[in-house]
Amino acid sequence: MKITEVTAELYAKPYDTPISNGKYTYTASKNVVVRISTDDGLEGFGICGAGGIAATAQGDATIATVNDMRQALIGEDPRNVERIWDSLYQPKIFGRKGLTTRAISAIDIALWDIVAKSFECPLYQVLGGFTDEVRAYIAGGYYAEGKGVTELQDEMLGYVEQGANAVKMKVGAVPLREDEVRIRAVRDAIGPDIDLLVDANNAYVQADAVRMARILEEYDAFWFEEPVSPDNMRGSAATARSSTVPVAAGENEYTRWGFRELLETGAVDILNPDAMVLGGITEYRKVAALAAAYEIPIAPHGLQEIHIHLLAAFPMPLILEFYNPNVAGLNEVMFHEKLELTERGTVRLPQGPGLGMEVNWEGLREYLVA
């Protein structure tokens, strides 16, 4: 089996109203999609994100990187994922972290989609097959113009009515006491039996992160995600020591070496690796092995269509991030199949070969940017 073609395209579906977390504002749901074809008719796809104020420029740079790497891929056997990854990860040429590693991530995910399809098995079984059903939380609770406490409560209650027994909200864009009012309102709305996850998206300096961690104890938060800058691992560790609320992080970390540092510094109680960022599934496997060695649970960040397989494949799966169309609107049109919550707040693994999610290329066409 040989790779015959590699393409990359940027798609975007605008939000009706921009949404914001503690530090960043998004005007659209955007993804770079990599498509790899082989000489025996198999095709795989991979995704990496392109968000924020420079999303189009990020997408263009990612596409250019994939096109630059294309010649190293043509003629290769897609099943040689380790060899291909090693040939693409060249820190002296492309850098150690950033958009180029995200481009590698999308390529690698597409390769693994092909690998699993060649075995005619779901990806999670090819990777290890630890479980075939995972618990999920619905991620939302963004700030938006005209969205007050009542609207936030209604949103979170809607997720619970959808079947979720865990929900996530954002903090960090307003003063601590104003966010505490929002947290209290959500806890009052969803009641004591629904797990409440809180995400700062790197918004705080260490002192404020510690204050928020102590506030969250009162509201029985399931975790406090990304309290400080991803480069401030000591600050994350200090926050983790200051409270009984577990600190979760890792969505902005790259490669096994970055995650080794997170674990060695005690910066996290829960890992949130994102295969669309850190270097793809080949690298995610190594991160999962590190987490198992440290006995740290994994709750991957990012699109459920990709990460459900990775959460289910390895030991110590904690919970799946699940996006509704109000956050990941592009996904509503991107896939023919739809993942849905069960009445128990879980999601069953797709049983089709590969990722088990076929891309709706025709439906995506109107959202093509580059």
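Just after helix α12 comes Glu295, a residue whose phi is positive, near 55°. The model described here is a predicted one. Helix α12 itself covers residues 280-294, and its length can be checked with simple arithmetic: at 1.5 Å a residue, its 15 residues should span 21 Å, and the end C-alpha atoms are 21 Å apart, which agrees. Part of the helix is shielded from the surroundings: Gly280, Ile281, Thr282, Glu283, Tyr284, Val287, Ala288 and Ala291 are its buried residues.

**Salt bridges**

Side chains of opposite charge can pair when their charged atoms come close. The structure holds 23 salt bridges. Three of them are listed here.

| Acidic residue | Basic residue | N to O distance |
|---|---|---|
| Glu82 | Lys286 | 2.8 Å |
| Asp113 | Lys117 | 3.2 Å |
| Asp199 | Lys168 | 3.5 Å |

The salt bridge between Glu82 and Lys286 links distant parts of the chain, with Glu82 in helix α2 (residues 81-88) and Lys286 in helix α12, 204 residues apart. Glu82 has a relative accessibility of 35% and therefore counts as partly exposed.

The pair of Asp113 and Lys117 is a local one: both residues lie in helix α4 (residues 99-119), 4 residues apart, which is about one turn of the helix. An α-helix has 3.6 residues a turn, so residues three or four places apart point the same way. Both Asp113 and Lys117 are buried.

Asp199 and Lys168 form a salt bridge between strands. Asp199 belongs to strand β6 (residues 195-199) and Lys168 to strand β5 (residues 166-170), so the pair ties together parts that are 31 residues apart in sequence. Both Asp199 and Lys168 are buried. This pair is also part of a network, in which salt bridges with shared partners join Lys168, Lys170, Asp199, Glu225 and Glu321.

**Strands β6, β7 and β8**

Strand β7 (residues 221-225) is mostly covered, with 5 of its 5 residues buried. On one side of the description stands β6, which pairs with β7 in the parallel sense over 4 bridges. Within this pairing, Leu197 has Trp223 of β7 as its bridge partner. The path between the two strands includes helix α8 (residues 206-218), and β6, α8 and β7 make a right-handed β-α-β unit.

Strand β7 also pairs with strand β8 (residues 247-249), again in the parallel sense, over 2 bridges. Here the bridge partner of Phe224 is Val247 in β8. To get from β7 to β8 the chain passes through helix α9 (residues 233-242), and this β-α-β crossover is right-handed.

**Strands β4 and β10**

Strand β4 (residues 133-139) and β10 run parallel and are joined by 4 bridges. One residue pair in this arrangement is Ala139 with its bridge partner Tyr323 in β10. Strand β10 covers residues 320-323, and its residues point in two directions: Leu320 and Phe322 one way, Glu321 and Tyr323 the other way. All of these residues are buried. Glu321 has already appeared above, as a member of the salt-bridge network.

**Two buried residues in their surroundings**

Thr346 is found in strand β11 (residues 346-348). Its relative accessibility is 12%; residues under 20% are called buried, so Thr346 counts as buried. The side chain of Thr346 takes part in a polar contact of 2.5 Å with the side chain of Glu133. A polar contact of 2.7 Å joins the side chains of Thr346 and Thr342. With residues up to four places away in sequence left out, Thr346 touches Glu133, Val134, Arg135, Ala136, Glu340 and Leu341.

Ile84 lies in helix α2, the helix that also holds Glu82. With a relative accessible area of 2%, Ile84 is buried. Apart from neighbours within four places in sequence, Ile84 is in contact with Ile3, Leu73, Glu76, Asp77, Pro78 and Leu111. The C-alpha atoms of Ile84 and Ala72 are separated by 8.1 Å, and these two residues are 12 residues apart along the chain.

Definitions and conventions:
Residues numbered from 1 in each chain as written. Predicted model: local features only at pLDDT ≥ 70, side-chain atom pairs only at ≥ 80, totals over all residues. Heavy atoms only, no water. Expected span 1.5 Å × (residues − 1). Buried < 20%, exposed > 50% of the residue type's maximum accessible area, 1.4 Å probe, protein only. Salt bridge = Lys/Arg side-chain N within 4 Å of Asp/Glu carboxyl O. Polar contact = N/O pair within 3.5 Å; in protein donor to acceptor, adjacent residues only side chain to side chain. Contact = heavy atoms within 4.5 Å. Pairing = 2+ DSSP bridges. Right-handed = clockwise from strand over helix to strand, strands pointing away.
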